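Student: I am new to this one. Please pick a single part, go through it closely, and then show me what else to look for around the chain.

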Amino acid sequence: MRIDIISVIPELLESPLGHSIMKRAQAKGLLEVHTHQLRQWAVNEYGQVDDYQYGGGAGMVMMCEPLANAIESLSAQRHYDEVIYMTPDGPTLNQKTANTLSLKENLLLICGHYKGIDQRIRDHFVTMEISIGDYVLSGGELAAAVLVDAIGRLIPGVLGDETSALTDSFQDGLLAPPVYTRPADFRGWQVPAVLLSGDLKKVDEWRYEQALQRTESRRPDLQGDA
Ligand code: 6GU
């Protein structure tokens with residue numbers, strides 16, 4: 001999979017995508033992430049990409065021309081399955097959306113700043129909008145990093161243990177059960193005996209039961225959401 005990202009601060013994406021699983025995915029050639037500085041399509045020598053909003057009001061709006069030129073120039077090189085605008089007023093990202101997007105070949109992400117981007121870009125180029133939650137970030141970059149991470153780890157071959165993404169919280173509409181590692185007794189705090197029993201069927205049943213209980217008490221809204 002290839003993901004292109006248009007941003008005025010591409011540096012913000014470097015660290016989140018340069019370590020751990022995202023680093024490994026790219027090293028293995030399973031994921032390519034290319035960032036593009038929007039200012040290379042600026043309207044003047046000052047690198048201008050935003051302007052005052054029509055109708056008045058505080059806050060700048062990202063202009064049509066740089067974004068249209070950026071999107072068209074990148075789209076001339078490959079077909080994008082989705083052109084995604086990262087915006088707090090989009091539908092909220094969930095595991096189902098991440099699963100769907102992980103099966104795509106090419107994605108183009110647009111990171112907004114200030115008051116956002118001119119509505120005409122959304123109307124004429126954007127095919128999908130995504131928010132990562134009901135709060136406002138200074139720009140779309142951190143949200144884009146979250147999206148790339150959520151998608152990237154689902155690409156087959158990225159996770160060392162092929163099955164581990166399947167047992168994540170949310171993957172089956174349930175939160176994950178509690179986990180334990182050595183020692184079995186830490187300060188008198190015991191690991192549940194069933195996990196030491198060696199009875200895999202019992203362990204599976206216990207985990208499922210715990211997942212149900214956790215979901216019921218913490219996120220009753222999730223039930224059957226897979
Ligand atoms: Cl995608 N962008 C911004 N700026 N803020 C957000 C967001 C996105 N998702 C939640 N808050």
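Tutor: Start with the shell around the ligand. Its residues divide into 8 nonpolar, 4 polar and no charged. Here Ala, Val, Leu, Ile, Met, Phe, Trp, Tyr, Cys and Pro count as nonpolar, Asp, Glu, Lys and Arg as charged, and the others, Gly among them, as polar. Before going on, note that this is a predicted model: local features need pLDDT of at least 70, side-chain atom pairs count only at pLDDT 80 or more, and totals for chains, interfaces and linings use all residues. Residues are numbered from 1 along each chain as its sequence is written, and side-chain values use heavy atoms, with hydrogens and water left out.

Which residues are around the ligand? M86, T87 and P88 are among them. So are I130, S131, I132 and G133. Y135, V136, L137, G139 and A143 complete the list. Each has a heavy atom within 4 Å of the ligand.

Now the polar atoms. A ligand nitrogen sits 2.5 Å from a polar backbone atom of Y135. With S131, the partner is an N or O atom of the side chain, 3.4 Å from a nitrogen of the ligand. At G139 the backbone takes part again: one of its polar atoms is 3.5 Å from a ligand nitrogen. On its own, the ligand has 290 Å² of accessible area, and the protein covers 96% of this. Such areas come from the Shrake-Rupley method with a 1.4 Å probe; for residues, only the protein chains shown count as cover.

Next, the chain as a whole. It holds 7 helices and 9 strands. These are DSSP runs, numbered from the N terminus: helices are H or I with at least four residues, strands are E with at least two. The C-alpha atoms fill a box of roughly 70 × 40 × 35 Å along the principal axes. Of the 226 residues, 41% are buried (under 20% relative accessible area; exposed is over 50%, partly exposed in between; 1.4 Å probe, protein chains only). The accessible surface is about 13100 Å², and carbon and sulfur atoms own 52% of it. Take the contacts (heavy atoms within 4.5 Å) with a separation of 6 or more: 77% join residues 24 or more positions apart.

Helix α3 gives a view of the packing. It runs through residues 64–75, 12 residues in total. Its first and last C-alpha atoms are 16 Å apart, close to the 16 Å expected at 1.5 Å a residue (1.5 Å times one less than the number of residues). P66, L67, A68, A70, I71 and L74 are buried in α3. The buried residues of this helix pack against four strands and a helix: β1 (2–7), β2 (32–37), β4 (60–62), β6 (106–111) and α5 (119–124).

D118 is in the loop between β6 and α5. Is D118 buried or exposed? D118 counts as buried, because its relative accessibility is 16%. Beyond its neighbours within four places in sequence, D118 touches V61, M62 and C64. Its side chain makes a polar contact of 2.8 Å with that of R120 (a pair of N or O atoms within 3.5 Å; within protein, one able to donate a hydrogen and the other to accept it, and sequence-adjacent residues count only if both atoms are side-chain atoms). D51 is 67 residues away along the chain, yet its C-alpha is 9.8 Å from that of D118.

Compare D199, in the loop between β9 (189–190) and α7 (200–218). D199 is partly exposed, because its relative accessible area is 31%. D199 and D50 are 149 residues apart in sequence, and their C-alpha atoms are 62 Å apart.

Last, some backbone details. The peptide bond from R182 to P183 is cis, with omega near 0 degrees. P183 belongs to the loop between α6 (141–152) and β8 (185–186). S20, in helix α2 (residues 20–27), has a positive phi near 55 degrees without being a glycine. S20 is exposed at 57% relative accessibility. R187, in the loop between β8 and β9, has a positive phi of about 55 degrees and is not a glycine. R187 is exposed too, at 66% relative accessible area.
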